[in-house]
Amino acid sequence: HLKFLGKYGDIVSFQQGFEAFKNNSISSPLISFSFDDGYSGVGKYAKEILQAYKAPGLVSICNNFYKNKEVFWRNKLSYIHLNQGDRFLISRLSKLGFNLNQDRISKFTLDHFNQDIINMINDVWGKFNIDEKEISKKIYLNKLELTNLINDGWMIGNHSLNHFPIGEETQINNFINDFQLNNDSILKSLDYESPFLTIPFDRILQRSLKIESLRSRAFKDKYIVYVGNKHNTG
């Protein structure tokens with residue numbers, strides 16, 4: 001991927017790209033890399049590859065994942081599906097209007113997201129008797145690994161507490177509190193002040209129009225990182 005993309009621009013660290021962006025000094029295509037959710041593969045694979053190009057990236061993390069408090073609820077959905085557990089979830093979601101003939105579980109749970117959805121997923125997930133803390137340790141970067149990335153020139157993004165769709169109307173009321181708690185956690189745990197609010201999911205058509213006003217009110221010194229194919233202007 002890097003060899004291919006290197007034909008179309010200069011591969012730089014996320015820090016270099018960010019500084020050029022802030023200074024409005026980008027005169028030719030710059031390419032840098034970011035990784036959401038804080039999966040351990042960033043440390044195992046991406047770190048070595050990007051270090052060879054002297055281009056450390058950005059990894060955006062969720063408090064409840066890197067602290068091994070829980071597994072991302074979408075990861076739980078995948079596990080349930082792969083282990084023939086959809087029928088247990090469908091029986092619960094049907095009470096909210098889920099129709100097997102026209103709905104997909106992954107989309108329905110996001111479109112209708114609320115705490116009841118999370119409770120249903122956790123209820124079915126619990127049937128598999130999984131040690132959630134131990135699984136979390138295996139699949140997410142931990143404090144030491146994140147500290148090592150920072151020391152190697154990587155940047156850290158604030159990706160919310162637990163990856164709920166706080167950039168959409170269903171959860172926009174939690175936008176400030178969720179990002180602030182994760183910001184405080186990153187600062188306390190990693191001694192790092194993240195300049196980025198990385199929006200979870202960021203489905204363009206569902207993106208709340210209140211995001212920028214909330215950022216301006218509570219996070220004037222932060223930059224929004226949009227995922228949904230949108231050029232950042234601030």
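1. Is Trp 154 buried or exposed? Trp 154 is buried, with a relative accessible area of 2%, a value that, like every other in this note, is computed from a predicted model. A search of the whole structure finds 19 aromatic pairs, and one of these joins Trp 154 to Phe 35, the ring centres being 5.9 Å apart and the planes at 40°, so that the pair is tilted. Phe 35 belongs to strand β3, whereas Trp 154 sits in the loop between α10 (143-151) and β5, and the pair therefore ties together parts that are 119 residues apart in sequence. Unlike its buried partner, Phe 35 counts as partly exposed, at 24% relative accessibility.

2. A second tilted aromatic pair is made by Phe 65 and Phe 72, with 5.4 Å from centre to centre and 40° between the planes; here both residues are buried. These two phenylalanines are also members of one aromatic cluster, which further includes Tyr 39, Trp 73, Phe 113, Tyr 140, Phe 164 and Phe 201. Another ring to look at is that of Phe 88, since Lys 127 lies over its face, at 5.6 Å from the ring centre.

3. Helix α2, which spans residues 14-22, has Phe 14, Gly 17, Phe 18 and Ala 20 as its buried residues. Because these residues cover an arc of only 165° around the axis, they are placed on the same side of α2. The partners against which the buried residues of α2 pack are strands: β2 (30-31), β3 (34-36), β4 (58-61), β5 (155-158), β6 (196-198) and β7 (223-225). After the helix comes Asn 24, whose phi is positive, near 55°.

4. The largest nonpolar core holds 35 residues, and the members that touch the most others are Trp 73, Leu 89, Leu 93 and Phe 175. At least two residues of this core come from each of α5 (73-82), α6 (86-93), α7 (105-111), α8 (115-125), α11 (175-190) and α12 (211-218), and α8 gives the most, with six residues. For Leu 89, leaving aside residues up to four places away in sequence, the contacts are with Leu 77, Ile 105, Met 120, Ile 121 and Val 124. Another core, of 26 residues, lies apart from this one, and among its members are Ile 31, Leu 50, Ala 55 and Val 225.

5. Two further backbone positions deserve a check by eye. Most residues other than glycine have a negative phi. Asn 68, which is not a glycine, nevertheless has a positive phi of about 60°; Asn 68 is found in the loop between α4 (63-66) and α5, and at 11% relative accessibility it counts as buried. Asp 202, likewise a residue other than glycine, has a positive phi near 50°. Asp 202 has its place in the loop between β6 and α12, and it counts as buried at 5% relative accessibility.

6. Side chains of opposite charge can pair when their charged atoms come close, and a search of the whole structure finds twelve salt bridges. Within helix α9 (residues 132-139), Glu 134 and Lys 137 are three residues apart and so are separated by about one helical turn; their side chains meet in a salt bridge of 3.3 Å, N to O. Both ends of this bridge are partly exposed, Glu 134 at 36% relative accessibility and Lys 137 with a relative accessible area of 42%.

7. How far apart are the closest N and O atoms of Lys 210 and Glu 169? They are 3.5 Å apart, and the two residues form a salt bridge. Lys 210 lies in the loop between β6 and α12, and Glu 169 in the loop between β5 and α11, so this pair ties together parts that are 41 residues apart in sequence. Lys 210 counts as partly exposed at 39% relative accessibility, as does Glu 169 at 45%.

8. In helix α12, Glu 212 and Arg 215 are three residues apart, which means that about one helical turn separates them, and they form a salt bridge in which the closest N and O atoms are 2.7 Å apart. Glu 212 counts as partly exposed at 35% relative accessibility, whereas Arg 215, at 11%, counts as buried. Elsewhere, salt bridges that share partners join Lys 107, Asp 111, Glu 168 and Arg 203 into one network.

Terms used:
Residues numbered from 1 in each chain as written. Predicted model: local features only at pLDDT ≥ 70, side-chain atom pairs only at ≥ 80, totals over all residues. Heavy atoms only, no water. Buried < 20%, exposed > 50% of the residue type's maximum accessible area, 1.4 Å probe, protein only. Helix = DSSP H or I, 4+ residues; strand = E, 2+ residues; numbered from the N terminus. Arc of directions from axis to C-beta. Contact = heavy atoms within 4.5 Å. Phe/Tyr/Trp six-rings, centres within 6.5 Å; stacked < 30°, edge-to-face > 60°. Lys NZ or Arg CZ within 6 Å of the ring centre and 35° of its normal. Core = buried A, V, L, I, M, F, W, Y, C linked by side-chain atoms within 4.5 Å. Salt bridge = Lys/Arg side-chain N within 4 Å of Asp/Glu carboxyl O.
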